[in-house]
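Student: Could you take me closely through one part of this model, the place where two helices pack together, and then follow the packing outward from there?

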Amino acid sequence: MRDKAYLREVGLRDGLQMVKRILPADLKVEWCREEAAAGVGEIEVTSFVPAKIVPQFADALDVAERTGRIGGFRQSALVPNLKGAERGFDLGIHKLNYVLSASETHNLANVRRSTGESIADFHRIVDARAARGLGDVVLCGGVATAFGCTMEGAVDEGRVVEIVDRLLEAGADEIVVADTVGYGNPAQVRRLLGRVVERCGDVPVAAHFHDTRGLGLANVTAAVEAGVRRFDASLGGLGGCPFAPGATGNIDSEDCAFLLESMGFDTGIDIDALIALRRKVETWLPDEKFHGMVAQAGLPKHYRPAALAA
């Protein structure tokens, strides 16, 4: 048996939040259905943010309800505050991804409050889950700008670890460490994520990388060496943060799955099916630039997924 690695598709949320063209809900649901059929075990289907801030998610309730009926994958959604979490609770979302920033400046730009206030709100979300008796809903604490910030520059690693500790104390079921603006390098990733994995113990740690400077997959490799087995990625490398200048696309889902499989991990993902879906999404978003090398070059002739090569 090969060790498993897990990929969460964030294209429907992080990928689309920078896209100018509003993708119809029907196509978002089709995208989700085909990702699930390709073996992607977790899909972040939307974000519960005000439509006036990110118009792409004006259909969040509709998309969440409809993708929740597909089955065969863990449905997750991003929430910036208690109000967003309450919407997720009401809709029966399996997993809520709460995000705050290690950079105070970015946190103020992104969610209009200090990092400390965001941590306090996460406590309220945990309390609200308990009050509703929703112990099976997974609450994930995400730390954005963990490797640097285009507004503040360097971010102290000790601050990132301190925020992780506070999220764990509040009751986070999973921690995500995010390189929101693509500042991280493999040595930094190996060092910081090693500390985070040690602090988290049995609590899973995931990594969220952007390929802004071409180091995205190198950072995935470094994270694997630090003990991380969960990664966010976006179909075709779409995405970025509208509140962080210079933040460009996420690591590419097809390339990330191929890397992990090539390293001997079982992702459970049919990469050919992902590539076929990518071709379809390219026709839906003709004005967007798609990234990734596997879709361009194809899989090697000798390639066999880890699940079959065992």
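Tutor: In the contact between helix α2 and helix α11, Leu27, Glu30, Trp31, Glu34 and Glu35 of α2 meet Leu274, Leu277, Lys280, Val281 and Trp284 of α11, where contact means heavy atoms within 4.5 Å. The residues of this contact divide into six nonpolar, no polar and four charged; Ala, Val, Leu, Ile, Met, Phe, Trp, Tyr, Cys and Pro count as nonpolar, Asp, Glu, Lys and Arg as charged, and the others, Gly among them, as polar. This is a predicted model, in which local features need pLDDT of at least 70 and side-chain atom pairs count only at pLDDT 80 or more, while totals for chains, interfaces and linings use all residues. Residues are numbered from 1 along each chain as its sequence is written, and side-chain values use heavy atoms, with hydrogens and water left out.

As to geometry, the axes of α2 (residues 25-37) and α11 (residues 271-284) come within 10 Å and cross at roughly 170°. The axes are lines fitted to C-alpha atoms, for helices over the stretch in contact, and the angles run from 0 to 180 degrees between N-to-C directions. The two helices, α2 and α11, are therefore roughly antiparallel to each other, a term for angles over 145 degrees, with under 35 counting as roughly parallel, 65 to 115 as roughly perpendicular and the rest as oblique. The helices (H or I, at least four residues) and strands (E, at least two) are DSSP runs, numbered from the N terminus.

Turning to α11 alone, its 14 residues reach 20 Å from the first C-alpha to the last, close to the 20 Å expected at 1.5 Å a residue; the expected span is 1.5 Å times one less than the number of residues. The buried residues of α11 are Ile271, Leu274, Ile275, Leu277, Arg278, Val281 and Trp284, and they cover an arc of only 165° around the axis, which puts them on the same side of α11. That arc is taken from the directions from the helix axis to the C-beta atoms, and buried means under 20% relative accessible area, exposed over 50%, and partly exposed in between, with a 1.4 Å probe and protein chains only. What covers the buried residues of α11 includes α2, α10 and α12 (294-297).

On the α2 side, leucine 27, a residue of that helix, counts as partly exposed at 21% relative accessibility. Leucine 27 and valine 63 are 36 residues apart in sequence, and their C-alpha atoms are 9.8 Å apart in space. Trp31, which belongs to the α2 contact with α11, is also touched by leucine 238, whose other partners, not counting residues up to four places away in sequence, are Gly15, Gly249, Asn250, Leu285, Glu288, Lys289 and Phe290. Leucine 238 has its place in the loop between β8 (230-233) and α10 (253-262), and at 3% relative accessibility it counts as buried.

From leucine 238 to serine 118 there are 120 residues in sequence and 27 Å in space, C-alpha to C-alpha, and that second residue leads to another helix. Ser118 is among the buried residues of α6, together with Thr115, Ile119, Asp121, Phe122, Ile125, Val126, Ala128 and Arg129; they cover an arc of only 170° around the axis, which puts them on the same side of α6. On the other side of α6, Asp127, Ala130 and Ala131 are exposed. The buried residues of α6 pack against α4 (82-91), β4 (95-101), α5 (104-111), β5 (138-144) and α7 (157-170). At 1.5 Å a residue, the 18 residues of α6 (residues 115-132) should span 26 Å, and the end C-alpha atoms are 26 Å apart, which agrees.

Within α6, threonine 115 counts as buried at 2% relative accessibility. Leaving aside neighbours within four places in sequence, threonine 115 is in contact with Leu100, Ser101, Ser103, Glu104, Asn107, Arg159 and Ile163.

The backbone around α6 also deserves a note. Most residues other than glycine have a negative phi. Arginine 112, in the loop between α5 and α6, has a positive phi near 65°, and this arginine 112 is exposed, with a relative accessible area of 53%. Glycine 133, which follows α6, likewise has a positive phi, near 70°.
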